[in-house]
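Here is my note on the chain we agreed to look at together. Please keep the view open while reading, and follow the points in order.

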Amino acid sequence: MKGLMIILTLVFWTTITAVGQDKTLTDIVSELGDEFERHIPTKRIEAIMALYSEDAKYLPDNEGLLIGREAIREKWERDLKYDLQKFVMTPVTVEGTKRLIYETGTGESTIKTNGQVMTFAFKYVNVWRKEKDGYKLVIDTFNRASPSGSGKELSAQ
Amino acid sequence: MRTNTILVLLMIYASVGLAQQSNQQLLQQVESLQAKYESAVPENRIDDIMELYEQDALYLPAQGNIRQGKEQIKAAWMRTLSMNIFDFDLQTVKVSSSGNMVTEVGKTIAQVEMNGDTIEIKSKYLNVWRRQDDGQLKLHRGIYNPLTDI
């Protein structure tokens with residue numbers, strides 16, 4: 001009886017562990033998005049940079065094409081000087097494999113400037129790669145979701 | 001033992017060679033698709049542009065909402081083509097593949113005629129191509145935004 005209980009307990013814990021490890025791609029991406037949502041308003045630059053691969057490419061709106069962590073870090077350091085109050089990412093499509101995940105989504109960032117609170121809507125495509133220490137962004141790109149532009153872009157409106 | 005070592009080294013060398021050849025073929029395939037874009041855009045050949053897209057592709061142009069499906073993407077491109085683009089140049093920065101997906105990051109320079117003047121509009125983009133059953137690549141996801149330096 002005692003042996004049976006031990007076996008049943010082992011089976012139970014193995015099952016729980018297996019279920020916990022069997023995350024969907026959407027689960028993985030949601031957790032990564034949660035990290036961004038936590039770290040950006042609290043200006044945790046190291047935690048933000050830990051989400052990028054060494055060879056990442058970052059294509060932020062109205063900026064250069066940034067390659068590598070050093071260039072990406074400089075951009076984030078500039079952006080974190082703003083009073084970013086809230087940052088939300090909502091995946092629309094998540095696909096790929098456990099090795100490489102493609103995420104398309106929409107988001108909002110809320111900034112307080114000169115006493116006013118402004119919200120910017122954006123849309124994005126992220127490509128995540130599984131590395132030794134977790135999933136890392138290999139490509140991060142976004143643009144605005146509002147209709148108005150600067151007039152210096154190829155318009156689709 | 002020595003023969004086995006030589007064989008292993010030869011296999012590694014062959015694998016690296018094959019990978020390089022494969023990367024080269026991939027780049028050529030993507031550049032061939034780029035050439036289609038580059039010739040179709042200035043000539044307003046909307047059907048040739050749409051031929052590059054999958055039926056249920058997502059397109060994220062520099063402004064506005066995500067466009068889903070060929071109908072919405074075509075409408076977005078029609079507006080872009082109304083800008084009178086007379087030259088359209090794409091420069092690949094990086095191409096890589098994983099499974100049936102090919103990821104392309106690059107820059108574009110468009111020459112646009114506006115009120116008698118020529119203006120240069122620079123963008124950067126990410127294209128995710130998906131290999132179809134017939135081996136062709138079609139655009140699955142496309143996003144671009146303004147580039148402030150090149």
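1. Before the hairpins are discussed, one definition is needed: two strands are said to pair if DSSP finds at least two bridges between them. Please also bear in mind throughout that this is a predicted model.

2. With that definition in hand, begin with the hairpin formed by strand 4 of chain B and strand 5 of chain B, which has 2 residues between the strands. In its turn, B:N115 has a positive phi of about 55 degrees. The two strands, strand 4 (residues 101–114) and strand 5, pair in the antiparallel sense over 14 bridges, and one bridge to look for joins B:Q111 to B:E120 in strand 5 of chain B.

3. Strand 5 (residues 117–131) of chain B also pairs with strand 6 (residues 137–146) of chain B, again in the antiparallel sense, over 9 bridges. In this hairpin there are 5 residues between the strands, and B:G135 takes a positive phi near 90 degrees. Two positions help to locate the pairing: B:V128 stands opposite B:R141 in strand 6 of chain B, while B:Y125 has B:Y144 in strand 6 of chain B as its bridge partner.

4. Where do these strands sit in the sheet of chain B, and in what order? The 6 strands form an open sheet in the order 2-1-6-5-4-3, with mixed pairing. Strand 2 (67–68) and strand 3 (85–98) of chain B each have a single partner strand and stand at the edges, so one side of each is left without a neighbour in the sheet. When tracing any strand, it helps to remember that in a regular strand the side chains alternate between the two faces of the sheet.

5. Stepping back to the whole of chain B, the secondary structure consists of 3 helices and 6 strands, and from the N terminus on the elements run α-α-β-β-α-β-β-β-β.

6. As for overall form, chain B has a radius of gyration of 19 Å, whereas a compact globule of 150 residues would have one near 15 Å. Along the principal axes, the C-alpha atoms fill a box of roughly 75 × 30 × 25 Å.

7. How much of chain B is buried? Buried residues, meaning those under 20% relative accessible area, make up 44% of the 150 residues in chain B. Chain B exposes about 8000 Å², of which carbon and sulfur atoms supply 48%.

8. Finally, chain B carries 15 positive and 18 negative charges, and the mean positions of the two groups are 8 Å apart.

Terms used:
Residues are numbered from 1 along each chain as its sequence is written. Chains are lettered from A and ligands numbered from 1 in the order in which they are written. This is a predicted model: local features need pLDDT of at least 70, side-chain atom pairs count only at pLDDT 80 or more; totals for chains, interfaces and linings use all residues. Side-chain values use heavy atoms; hydrogens and water are left out. Helices (H or I, at least four residues) and strands (E, at least two) are DSSP runs, numbered from the N terminus. The radius of gyration is taken over C-alpha atoms; the globule rule is 2.2 Å times the number of residues to the power 0.38. Buried means under 20% relative accessible area, exposed over 50%, partly exposed in between (1.4 Å probe, protein chains only). Accessible areas come from the Shrake-Rupley method with a 1.4 Å probe; for residues, only the protein chains shown count as cover. Lys and Arg count as positive and Asp and Glu as negative; His and the chain ends are not counted. The place of a charge is taken as NZ of Lys, CZ of Arg, CG of Asp or CD of Glu.
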